[in-house]
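Colleague: I am new to reading protein models. Could you walk me through this one, feature by feature?

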Amino acid sequence: MSGRGIQVRNCLSGFAALLLAIAFVISPEPSFAQQTRDTVQQENPVEGQVPGNTLGEASDTDLWRDIRHGVTGNVSIPDKKAGTLVQSEGELWRSLRNGPLALYASWAMLGMIVLLCLFFAIRGRIRIDHGMSGVTITRFNGFERFGHWMLATSFIVLALSGLNVMYGRYLLLPLIGPEAFGFVTLMGKYLHNYLAFAFMAGLAIIFIMWVRHNLPNRTDVKWVLVAGGLFSKNVHPPAKKFNAGQKVIFWLVILCGVSISLSGWALLFPFTTHFFSDTFVLANNLFGTELPAPLAPIQEQQLNSLWHSIMAVFLICVILAHIYIGSIGMEGAFDAMGSGEVDLNWAKEHHSLWVEEVEQKESGAASRGAAQPAE
Ligand code: HEM
């Protein structure tokens, strides 16, 4: 070959190498969609299909279906969670919360109100059978009433503001319009966040004050056997400071209250707790269940949110019955938490053993006082 031919060939191959180098440098990174498609194909090969995109592009429908079911892509930013385009459990959480949960919760609360109305219509107000005596006895001291009302008022505001989040857009928004509804909901959110602490404090106070009076004992059996005389006149089973029905209320308030507080805490301080993961691991170890654990942080949040609502609605139903019997349902009951003084006949009919204890204590104190030698 002549020297000129060699020159031309060298020149051509140099040019081709340059073109190749340029093509290599400027060739675009595979797009996110392409990367995801590859991941989808590698992780979920259709039956019989060789992984690695050997049969050409997967259809967009397949791609989006997989993304919809939580397939994760790669991201170069530190927050790797951004690689999940659609978190499907979020959709499940949303549809459960806005569907069956909201529906059954409303039935439960309405059902309880209807039951109480029926009870009132049939039984009427439970009267003091022996009439008012005009003599009173101290039932709850100032600190006991303070603890009760701190718990009660915070719970009522928490319940109303929580129900507004669940049903407000259907019930309140059409009534008061978007501006007022926005304001009410925002204020409700602040109250909900801050009064949660008053609720927890109230819960702790009543637990410490009343736990010893709420331990089950034999008199509870007698009380339960006649349903506390709630359905029959002139039936008054003996009871100490709290009867069996009140003990049930007390423990439901404590257990549900703690459960609502823990799940509420997890919602107030997101991604800092793993109550559900821990509980599931414990249940799997103890009972051999196969509950999913550990859970992703977002799944923890979703379960906390559902649990918080379920427990809160359950406790609202219980408390509706409690408020009824502590106010219009029973003559003389409210005074116990109002002034703290109840009529002696009311006390003898509903808490006869407690009256005996108080009278014994008082007469013991009086006789000790009388036995003091004169100075
Ligand atoms: C307007 C609302 C309320 C009224 C009128 C009310 C009334 C009463 C009354 C009169 C008692 C004393 C009963 C007795 O002398 O034996 C009582 C006790 C109690 N209350 Fe309330 N209450 C209300 C709200 C609440 C709330 C919201 C809670 C908890 C979240 C609560 C928890 C308790 C507990 C645990 C007791 C002691 C156990 C029992 O008596 O059942 N109360 N309440």
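Modeller: Let us go from the whole chain to the ligand, and then to a few backbone details.

Modeller: This is a predicted model, in which local features need pLDDT of at least 70 and side-chain atom pairs count only at pLDDT 80 or more, while totals for chains, interfaces and linings use all residues. Residues are numbered from 1 along each chain as its sequence is written, and side-chain values use heavy atoms, with hydrogens and water left out.

Colleague: How many helices and strands does the chain have?

Modeller: Helices (H or I, at least four residues) and strands (E, at least two) are DSSP runs, numbered from the N terminus. This chain has 13 helices and two strands.

Colleague: How many of the 375 residues count as buried?

Modeller: Buried means under 20% relative accessible area, exposed over 50%, and partly exposed in between, using a 1.4 Å probe and protein chains only. Here 33% of the 375 residues are buried.

Colleague: Which residues are closest to the ligand?

Modeller: A residue is near a molecule if one of its heavy atoms lies within 4 Å of it. The ligand is surrounded by 22 residues, and R139, H148, Q246, H322 and A336 are the closest.

Colleague: What polar contacts should I look for there?

Modeller: For a ligand, look for a pair of N or O atoms within 3.5 Å. An N or O atom in the H148 side chain is 2.8 Å from a ligand nitrogen, and a polar side-chain atom of H322 is 2.7 Å from a nitrogen atom of the ligand. In the side chain of Q246, an N or O atom lies 2.4 Å from an oxygen atom of the ligand.

Colleague: Which element gives the most residues to the shell around the ligand?

Modeller: That is helix 5, with five residues. Helix 5 spans 142-171, and others that give two or more include helix 6 (173-210) and helix 8 (244-268).

Colleague: Where is P294, and what kind of peptide bond joins it to A293?

Modeller: P294 sits in the loop between helix 9 (275-287) and helix 10. The bond between A293 and P294 is cis, with omega about 0°.

Colleague: What about phi in N234?

Modeller: N234 is not a glycine, yet its phi is positive, about 60°. This residue lies in the loop between helix 7 (218-225) and helix 8.

Colleague: Is N234 buried or exposed?

Modeller: N234 counts as exposed, because its relative accessibility is 57%.

Key. A polar contact is a pair of N or O atoms within 3.5 Å; within protein, one must be able to donate a hydrogen and the other to accept it, and residues adjacent in sequence count only if both atoms are side-chain atoms.
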